[in-house]
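Biologist: Could you take me through one part of this protein up close? I'd like to look at the nonpolar core and what is built around it.

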Amino acid sequence: MARLVAPDKGVREVKIETETRERIYRPDKGGVYSVENKKHANHMKQEGFIEASLLGGASTAGSGFICSACGFHGFFRKCGRCQHETTDIQMDSTIEGEQ
Ligand SMILES: [Zn+2]
């Protein structure tokens, strides 16, 4: 099973169409799509989806990006709350006292 994250936080779901039916994938709370169908996973990667494992353990708490403007903790460099693009904080940095 592939674990993928969307290239854009604005993506809410992904629809994969096959000859016979369509399949809707939605992310879990962490923004990770669990895709059991390998073809679908490859299709999504072509659309720009990224393997969660390539994001340095995106499935574990404490990874991702902390917005340098508002402190929002998200998967993506571009803040999902204020749209500020954080450029100077490393993925594995630990923010003490951040909640
Ligand atoms: Zn922000």
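Modeller: Let's get our bearings with the secondary structure: the protein has one helix and seven strands. Going along the sequence, they come in the pattern β-β-β-β-α-β-β-β. Keep in mind that this is a predicted model.

Now to the core. The largest nonpolar core consists of ten residues: Leu 4, Val 5, Ala 6, Tyr 33, Val 35, Ala 41, Met 44, Phe 49, Ala 52 and Phe 75. Strand S1 (2-5), strand S4 (32-35) and helix H1 (38-46) are the elements that each put two or more residues into this core. As a general point, nonpolar side chains in soluble globular proteins tend to be buried together. For the protein as a whole, buried residues come to 16% of the 99 residues.

Two of those contributors, S1 and S4, also sit side by side in a sheet. They pair in the antiparallel sense, over four bridges. If you want one spot to check by eye, take Ala 2, whose bridge partner in S4 is Val 35. The sheet they belong to is open and has three strands, in the order S4-S1-S5, with antiparallel pairing. S4 and strand S5 (50-51) are its edge strands, each pairing on one side only.

For a link between core residues, click on Ala 41. Once you set aside its neighbours within four places in sequence, Ala 41 is in contact with Ala 2, Leu 4 and Val 35. Two of these, Leu 4 and Val 35, are on the list of core residues along with Ala 41 itself. And Ala 2 and Val 35 are the bridge partners I just pointed you to. On the scale of the whole protein, residues 24 or more positions apart make up 47% of the contacts with a separation of 6 or more.

Helix H1 has another side to show you. Lys 39 lies in this helix too, but Lys 39 is exposed, because its count is 10 other C-beta atoms within 10 Å, and a residue counts as exposed at 12 or fewer. From Lys 39 you can hop over to Ile 16: the two are 23 residues apart in sequence, yet their C-alpha atoms are 9.7 Å apart in space.

That brings us to one last piece, the hairpin. Strand S2 (residues 14-17) pairs with strand S3 (residues 22-25) in the antiparallel sense, again over four bridges. Four residues lie between S2 and S3 in this hairpin, and Glu 17 has Glu 22 as its bridge partner in S3.

Conventions. Residues numbered from 1 in each chain as written. Predicted model: local features only at pLDDT ≥ 70, side-chain atom pairs only at ≥ 80, totals over all residues. Core = buried A, V, L, I, M, F, W, Y, C linked by C-beta atoms within 7 Å. Buried ≥ 20, exposed ≤ 12 C-beta atoms within 10 Å, placed from the backbone. Contact = placed C-beta atoms within 7 Å. Pairing = 2+ DSSP bridges.
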